[in-house]
Amino acid sequence: IETLKAHAEEMGIGVEITDVAEIPPMVPDERSLAYEQRIKALSEANGIPYKSKKRGGLSDANHICACGPICLDGLGPTGDCDHSEKEYLELSTIEPNTRFAYLLLLDLADMKSEK
């Protein structure tokens with residue numbers, strides 16, 4: 001962006017860069033912590049290892065969570081180096097994560113029928 005700005009200014013074009021992006025933090029509350037314990041038990045009961053970790057943020061879940069619903073982030077396959085040339089995923093994590101997503105949907109349906 002700075003290179004483009006410098007080039008534009010060399011051509012006599014005034015440029016002002018304004019950063020207005022705001023990304024709210026994804027702060028766990030009592031409801032999300034309780035739901036996390038529920039899905040951890042569901043995961044472990046089905047032989048799927050469960051690991052919770054803080055994420056770097058910047059996902060769409062941050063915006064959704066700020067509106068009030070419980071949000072889960074990072075349910076995809078395990079990997080690293082997000083959004084870079086070195087990004088990768090571990091193939092062995094696709095099936096368990098897909099199975100876990102299915103179990104979560106069944107659990108949510110059961111929760112809805114309990115009401």
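**Exercise 1. The lining of a pocket**

Determine which helix supplies the largest share of the lining of the second largest pocket in this predicted model.

*Solution.*
Step 1. The residues that line the second largest pocket are Tyr35, Ile70, Leu72, Leu75, Leu104, Leu108, Met111 and Lys112.
Step 2. Helix α4 spans residues 94–114 and contributes four residues, the largest share of this lining.
Step 3. By character, the lining consists of seven nonpolar residues and one charged residue, with no polar ones.
Step 4. The volume of the second largest pocket is about 150 Å³.

**Exercise 2. A salt bridge between two helices**

State which residue forms a salt bridge with Asp107, and where the two partners lie in the chain.

*Solution.*
Step 1. The partner of Asp107 is Arg38, and the closest N and O atoms of the salt bridge are 2.9 Å apart.
Step 2. This pair links distant parts of the chain, since Asp107 belongs to helix α4 and Arg38 to helix α2, 69 residues apart.
Step 3. Asp107 has 10% relative accessibility and therefore counts as buried, the cut-off for buried being under 20%.
Step 4. Arg38, at 32% relative accessibility, counts as partly exposed.

**Exercise 3. Salt bridges within a helix**

The structure holds five salt bridges. Explain how the partners Lys5 and Glu9 are placed in helix α1, and treat Lys40 and Glu44 in helix α2 likewise.

*Solution.*
Step 1. Side chains of opposite charge can pair when their charged atoms come close.
Step 2. Lys5 and Glu9 form a salt bridge with an N to O distance of 3.9 Å. Because they are four residues apart in helix α1, about one helical turn separates them.
Step 3. Lys40 and Glu44 form a salt bridge at 3.7 Å, N to O. They too are four residues apart, here in helix α2, so about one helical turn lies between them.
Step 4. Lys5 is partly exposed at 22% relative accessibility, and Glu9 is partly exposed at 41%. Lys40, at 30%, is partly exposed, as is Glu44 at 45%.

**Exercise 4. Residues in loops**

Decide whether Lys53 is buried or exposed, and do the corresponding task for Val15.

*Solution.*
Step 1. Lys53 lies in the loop between α2 (30–45) and α3 (60–65). Its relative accessibility is 54%, so Lys53 counts as exposed, the cut-off being over 50%.
Step 2. Val15 is found in the loop between α1 (2–10) and α2. With 32% relative accessibility, Val15 counts as partly exposed.
Step 3. Val15 also helps to make a nonpolar surface patch of about 500 Å², together with Ile1, Met11, Ile13 and Ile17.

Key
Residues are numbered from 1 along each chain as its sequence is written. This is a predicted model: local features need pLDDT of at least 70, side-chain atom pairs count only at pLDDT 80 or more; totals for chains, interfaces and linings use all residues. Side-chain values use heavy atoms; hydrogens and water are left out. Buried means under 20% relative accessible area, exposed over 50%, partly exposed in between (1.4 Å probe, protein chains only). Patches are made of residues with over 30% relative accessible area and no salt bridge: like charges are joined within 9 Å, nonpolar side chains (Val, Leu, Ile, Met, Phe, Trp, Tyr) within 5 Å. Accessible areas come from the Shrake-Rupley method with a 1.4 Å probe; for residues, only the protein chains shown count as cover. A salt bridge is a side-chain nitrogen of Lys or Arg within 4 Å of a carboxyl oxygen of Asp or Glu. On a 1 Å grid over the protein atoms alone, a cavity is a set of points where a 1.4 Å probe fits but cannot get out, and a pocket is an open set with protein on both sides within 12 Å along at least five of seven lines; lining residues have an atom within 4 Å of a point. Grid points are joined across faces, edges and corners, and a volume is the space filled by probe spheres set on the points. Ala, Val, Leu, Ile, Met, Phe, Trp, Tyr, Cys and Pro count as nonpolar, Asp, Glu, Lys and Arg as charged, and the others, Gly among them, as polar.
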